[in-house]
Every structure is written in C-alpha cells, then in structure tokens.
Amino acid sequence: MKLSKLNIRKINFNDIDRKYAGQDILMKLGELYQFESGIYAYGNVWTKLEQNIEKIIIEELDRADCVQVEFPKLQPKEIWEKSHRWQLYTTEKDIMFTVNNNLGEYGLSPTAEECAALFAANRVISYKQLPTIYYQIGEKFRKEIRTRGYLFRPRTFVMMDAYSFDKTENDMVDSFNKMHSAYLNIFKRIGIDVIPTISDGGTIGGRVSEEFQAILPQGEDVILYSKENNIGINKEVLDYEDKDIFIKELNGVSLDEMQEVGTIELGNNFKLGTKYAETMGLYFQDENGENKPFYMGCYGIGIGRILATLIENNIIIKNNQIKGFSIPYEIAPYKVHIIYNEDNKFNAFKLYENLLNNKIDCIIDDRENLSLGNRINDVSLLGTPRMIVLGSKFDNQNYEVEDLKSGTKELVNIDNIVEYLKNSERL
C-alpha cells in the first residue's frame, strides 16, 4: 500500500483521548468516520485487520465442523412473534431498530436465533442429521441509548454468531463444550488472553451463560477472576437471589480466592435448551418417528470489540506521550512500514516490490515534500509492527528492521529480508 493513497490527516499528538487512544488516533486520521453516535465507517487499516480476524475465526469454526451460512439482516416481525421476543426487543427492552412501511413491519437483526431455528428446521428433519452448527459473520444492530468507548459499544457492529442444534440436553452440552474449545483456539491465535466467565443469560435464553472476558482498563464489566484456574464470574450475578446457581458453576473455586478486575466482554455462549423450538413449533423426528424439539445453543464473538481491544492494548508511549499503537505481527494488516529519503527512493521501491511479490503486506511512505523525521513520526499511527528506514546510514547491504513496540532493532542482509519477515510470522 502506498501511504499517499490512504489520504490520512495530520494529527496533534498532544490532543489524543488517553482513555481510548488507539481508536481516537484512527478517528483523527480519518480511518474511522462517525456519521452519528455509534454509527461508523471503517477505513483501510480497520477493514483489513477485521478480515484477518475473520479468517482465523472461519478456520477454527470450520475445523470444529461448523457450517458457514448467512441470514438476513432485515427480519420480518412475524418470526420474532413466533418466539415471543418482538414485544420484548421492541418495547420492554427497546433494543431493536424497526422498519415499518407498506410492505409490513421488520426488525434490523440484533441477533438471529429465530432465523437460525427456522433455517435449521427446514433442512434438519431427522435425528440422523444432528448435531449441526451454523454460523455467520455480519453486521448487527442494537438500539444503544448511550454509546460509549467508540467501537466498544456502538449501535452497529460486526459479529460472528453461531447456532447449534442437538437431540438431547447432553448433546447440547457437548456442542457447547466444542464451541468453548474453538473459542479458546481463536483467541489464542488472535493474541488476546481471555477468561471464561460465568454470567447471566439475559434476553437470549438460558439462566447461566459463559462470557469470554479480556482484562482491559477501559472495560465496562467487573469480574472476579481466578488466575490459577483461568475462570471468572461476573460480579453482577452475585447480587441475584439465585446467585448460588452461578457460584455452583465455579466447581469449588472459592470467591475469596478470586481477584476483582475490570474487563471487556468479547464473546458469549448460551445453552438455550428447547425454548425456541417449542415456542416456534420446530421439531425433528427421533429414532421412533416421534416429533421432538431441538435443543439449541447460541454463540457470539464481537469482532469490532476484538479489534478495539487489540488496538487499545498495544499503545506505544514514549516520554509519557502517546505515539500510536502496534498491532501484533501475526494479524497486522501491514507487516512493515518502509521509510526513505530521496536518495534512497529507488532502493525503497525495490524493497517494496520485493515484499509484495513475496506476499508480505507492507506500506511505503511515498508522500512528497516530507522530511525523514516527519515520516518516522507517522509510522505508529497505523499500527504497523515493523519499520525499515532507508536513510543516510543505509549501506546497500543491510536493512535495519525496528520492532515498533519494543524499540529493538536488527540488521538484516538485503538478500535475507523476505525469509526474515516470513519467519517473524511464525514466532
């Protein structure tokens, strides 16, 4: 990518929102654009990072035998009335955006249990076709009265949502556990440490659910966390009259041994039981030819929140001044940012073409009439984890590769740069 094509704006480093520094940098650059509170357009860096995250999610869910599909974002009122959730989502909780015109009344999807249940019941007729798990990745809409934290709580966001269908309660638990393992693999590959956390099922269904929380100072949740057991419990459930059913899920871990931490919820899994099948009249035939309701589970990962967490957890600060952020190398949209002075323009573009030809995504700062120092100051604004500077010290034999987060530098022979960067991917 030639940096001139991104049309980024100049920013004042002294004018950064320190609480949400990474996202504020992208806003000031023009890489995030807010149409109104909670509704955004996403620039090149955010979009490419999102694609890299989605690729990991797809690979891990496909490995877990899940089937990728796509449900409509515009959903008829009638299907939500079948599950008795239309009134809940449009009036009592007032969560859903609605559309009412001469064609009828519709909701913009905040979630898709109804669509998934109808889709599955149309094709899964016999017990022999179970279990099955469908998933999709797409935009969701929620009528947040008070948006906050930029992409931590907006009104539109990209989410992976999955839905499992099983014969029995035990089978439902097996599918739930399979998704639990898949989630741990996903977050490990992304580079975020998550805490499986006992929580409230809320309006989705099931009394007890499982959140995947990440420790983050900007987070809006408070959990009790056992580092030794890597398990948490959302503090809000301890105020419930039936708190014992949540505490039981800790399997003997004492509340007194747990540490209170601020976190952000990145994923949530629910055991729904037969709630949707029974209210919507959806059944399969069992071994005896009898109609039985599906046992369902549902699973979500907030992709926008993952991106925001990655950015805010990797802020670069020098001399107490925020200078940018550095996305982990393995998932970074661009691995290397190339800077040059005019004397080395030819060599810089030769390196740029070499990296692109070897499928290493990179940025070259080709903007005109900028000093080397000004170019260097802008490198960390886009989260690129490595920098190569071709300045007055470049000897035509070695590139100096700098890790922007740690500040460490390493000389790499020009003939070995591709191998070096590809090995960095595997570290």
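Here are a few exercises, with worked solutions, on the predicted model shown above.

**Exercise 1: the overall build**

Work out how the radius of gyration of the chain fits with that of a compact globule.

*Solution.*
- Start with the length: the chain has 427 residues.
- For that many residues, a compact globule would come out near 22 Å.
- The chain itself has 24 Å, so the two agree.
- Now look at the extent: the C-alpha trace spans about 80 × 55 × 40 Å along its principal axes.
- Then check the inside: buried residues make up 53% of the chain.
- Last, take the contacts between residues at least 6 apart in sequence: 68% of these join residues at least 24 apart.
- As for the pieces you'll meet along the way, the chain has 12 helices and 23 strands.

**Exercise 2: the cysteines**

Find how many disulfides the structure has, then check on cysteine 66 and cysteine 115.

*Solution.*
- To count as a disulfide, two cysteine sulfur atoms must lie within 2.5 Å.
- Searching the whole structure with that cut-off turns up 0 disulfides.
- Take cysteine 66: its nearest cysteine sulfur belongs to cysteine 298 and sits 13 Å away.
- Cysteine 115 also has the sulfur of cysteine 298 as its nearest, at 13 Å.
- Are these two buried or exposed? Buried means under 20% relative accessible area.
- Cysteine 66 has 6%, so it counts as buried, and cysteine 115, with 9%, is buried too.

**Exercise 3: the largest pocket**

Describe the largest pocket: its volume, its lining and the elements that build it.

*Solution.*
- Begin with the space, which is about 1200 Å³.
- Next comes the lining, made of 44 residues; nearest the centre are Arg142, Arg153, Glu265, Asn268 and Arg305.
- Sort the lining by class and you get 19 nonpolar, 10 polar and 15 charged residues.
- Which elements give two or more residues to this lining? They are strand 8 (156-166), strand 13 (259-273), strand 16 (295-302) and helix 9 (303-312).
- Strand 8 gives the most, with 6 residues.

**Exercise 4: the largest cavity**

Now do the same for the closed spaces: count the cavities of 30 Å³ or more and describe the largest.

*Solution.*
- The count comes to 1 cavity of 30 Å³ or more.
- The largest cavity has a volume of about 60 Å³.
- Residues lining the largest cavity include Glu70, Phe71, Pro72, Ser109 and Gln136.
- Strand 7 (residues 132-141) supplies the largest share of that lining, 5 residues.
- By class, the lining of the largest cavity splits into 4 nonpolar, 4 polar and 4 charged residues.

Terms used: Residues numbered from 1 in each chain as written. Predicted model: local features only at pLDDT ≥ 70, side-chain atom pairs only at ≥ 80, totals over all residues. Heavy atoms only, no water. Buried < 20%, exposed > 50% of the residue type's maximum accessible area, 1.4 Å probe, protein only. 1 Å grid on protein atoms, 1.4 Å probe; cavity = no way out; pocket = protein on both sides within 12 Å on 5 of 7 lines; lining within 4 Å. Points joined across faces, edges and corners; volume = space filled by probe spheres on them. Helix = DSSP H or I, 4+ residues; strand = E, 2+ residues; numbered from the N terminus. Nonpolar A, V, L, I, M, F, W, Y, C, P; charged D, E, K, R; others polar. Rg over C-alpha atoms; globule rule 2.2 N^0.38 Å. Contact = heavy atoms within 4.5 Å.
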